[in-house]
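Visitor: I have a model open and would like to learn how to read it. Could you take me through it feature by feature?

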Amino acid sequence: MPSENPPYRYDNALGSIFQKARGFIFDLDGTLYLGEHLIEGADRVLSGLRRSGRKVAFVSNKPIARRGVYAAKLRRLGIPCEESEVINSSLVLARYLAAHFPKARILPIAEQPVIDDILRHGLRITDDPDAAAVVVVSWDRGFNYEKLLAAYRAAANGAALIGTNPDRTCPMPDGDLPDAACMIAAIEACTQRQVHPIVGKPSSIMLREALALIDLSAEECVMVGDRVETDILMADRAGLLSVLVLSGVTKEEDLPHITTVPDAIVGGVRDLLPFLAEASGP
Ligand SMILES: [Mg+2]
């Protein structure tokens, strides 16, 4: 959580970020909430941004629920939000498959929400490795040897390997949970192939969906997130401004080791409030 006296490491950058940015793209876990708890100030930041006429989008790599669940959670925690304002990796994956593999049978190493998103896009699912042209690799809390074997055999037959998100862990209040990177690593280890593309952050595939949603260019937007290797890296590659929050997976002691430098670092989203009060919008 933010400290009493948050360190504005780059407060000049924050001022200019608020002058420039017409759209704000927010990560969810560790940025706006942690488990079932709203991160302090998140509701006021979002209402202030909307009041100032800026566009907002919510982008999560988490594939274990459909996006309506995340929109409902934001509303429950006090942030008004429509389902259409949320993009998560299962939705982006389904759209990607519909565009690139519309006729393929898809073998999912995934939980039901990913399968539901795939089916809703008119695509076909199979558990037969001989029939599968694509293996989808996602966070799967029911992952087991049988699924690994099916993926391995499908890959040996030449199936494409496509992932939802590259996160190693998902932050939770009572301890992080192993995430999709673990299933991806298992499948890459036995197939000796890369799961590619992985559509979630830091992929440009997900960013394109987010920018299309708010109809702005990368240069007009700022990404706010807690994870350097997804949120901040995606912004850095595409030319978005970025704000790293220290309310999630990245801690103060990690800062000397980060490999992608954000435009600003704050304790938490509430540290954006003073800038919102000053600026009425670009
Ligand atoms: Mg996060």
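Guide: H4 and H8 are roughly perpendicular to each other, because their axes cross at roughly 100°. Keep in mind throughout that this is a predicted model.

Visitor: How is a pair of packed helices described in general, and what are the values for H4 and H8?

Guide: Two packed helices are described by the angle between their axes and the distance between the axes. Here helix H4 covers residues 89-100 and helix H8 covers residues 204-214. Their axes come within 10 Å.

Visitor: Which residues of H4 and H8 meet?

Guide: From H4, the residues are Ser89, Val92, Arg95 and Tyr96. From H8, they are Ile205, Met206 and Glu209. By class, this contact has 4 nonpolar, 1 polar and 2 charged residues.

Visitor: Let us step back to the whole chain. How many helices and strands are there?

Guide: The chain has 10 helices and 14 strands. Its C-alpha atoms fill a box of roughly 60 × 35 × 35 Å along the principal axes. The radius of gyration is 19 Å, which agrees with the value near 19 Å that a compact globule of 282 residues would have.

Visitor: How is the chain divided into domains?

Guide: Domain 1 takes residues 11-61 + 216-278, and domain 2 takes residues 90-191. The C-alpha centres of domain 1 and domain 2 are 29 Å apart. Their contact uses 9 residues from domain 1 and 7 residues from domain 2. On the domain 1 side, the touching residues are 2 nonpolar, 6 polar and 1 charged.

Visitor: Now the sheets. What holds strands together in general?

Guide: Strands of a sheet pair through backbone hydrogen bonds, either parallel or antiparallel. In this model, one open sheet has 6 strands in the order E5-E4-E1-E12-E13-E14, and the pairing is parallel.

Visitor: Which strands are at the edges of that sheet?

Guide: Strand E5 (86-88) and strand E14 (264-266) are the edge strands, each pairing on one side only. Neighbouring strands of this sheet are turned by 20° against each other on average, direction ignored.

Visitor: How do I follow the pairing from strand to strand, say around E1?

Guide: Strand E1 (residues 23-26) runs parallel to strand E12 (residues 221-225), and 4 bridges join them. Gly23, for example, has Cys221 in E12 as its bridge partner. E1 is also joined to strand E4 (residues 55-60), again in parallel, by 4 bridges. There, Phe26 has Phe58 in E4 as its bridge partner. E4 in turn pairs with E5 in the parallel sense over 3 bridges, and Phe58 stands opposite Val86 in E5.

Visitor: What should I look for next to E12 and E13?

Guide: Look for helix H9 (residues 228-238), which packs on the 6-strand sheet. H9 touches E12 and strand E13 (241-245), and its direction makes about 165° with that of E13.

Visitor: What is the strand order in the sheet of 4 strands?

Guide: The order is E7-E6-E8-E9, in an open sheet with parallel pairing. Its edge strands are strand E7 (124-125) and strand E9 (160-163), each pairing on one side only. Strand E6 (residues 105-109) and strand E8 (residues 134-137) run parallel and are joined by 4 bridges. One bridge partner pair is Ile106 with Val134 in E8.

Visitor: Which strands does helix H6 touch, and which does helix H7 touch?

Guide: Helix H6 (residues 145-156) packs on this sheet and touches E6, E8 and E9. The direction of H6 makes about 145° with that of E6. Helix H7 (residues 180-191) also packs on the sheet, touching E6, E8 and E9. The direction of H7 makes about 140° with that of E8.

Visitor: Some backbone details remain. Where are the cis peptide bonds?

Guide: One cis peptide bond joins His196 and Pro197, with omega about 0°. Another runs from Lys201 to Pro202, with omega near 10°. Pro197 lies in the loop between H7 and H8, and Pro202 is found in that loop too.

Visitor: What is the phi of Gln192?

Guide: Phi of Gln192 is near 55°, a positive value in a residue other than glycine. Gln192 is likewise found in the loop between H7 and H8.

Conventions
Residues numbered from 1 in each chain as written. Predicted model: local features only at pLDDT ≥ 70, side-chain atom pairs only at ≥ 80, totals over all residues. Axes fitted to C-alpha atoms, helices over the stretch in contact; angles between N-to-C directions. Helix = DSSP H or I, 4+ residues; strand = E, 2+ residues; numbered from the N terminus. Parallel < 35°, antiparallel > 145°, perpendicular 65-115°, else oblique. Contact = placed C-beta atoms within 7 Å. Nonpolar A, V, L, I, M, F, W, Y, C, P; charged D, E, K, R; others polar. Pairing = 2+ DSSP bridges. Domains from an automatic or database assignment. Rg over C-alpha atoms; globule rule 2.2 N^0.38 Å.
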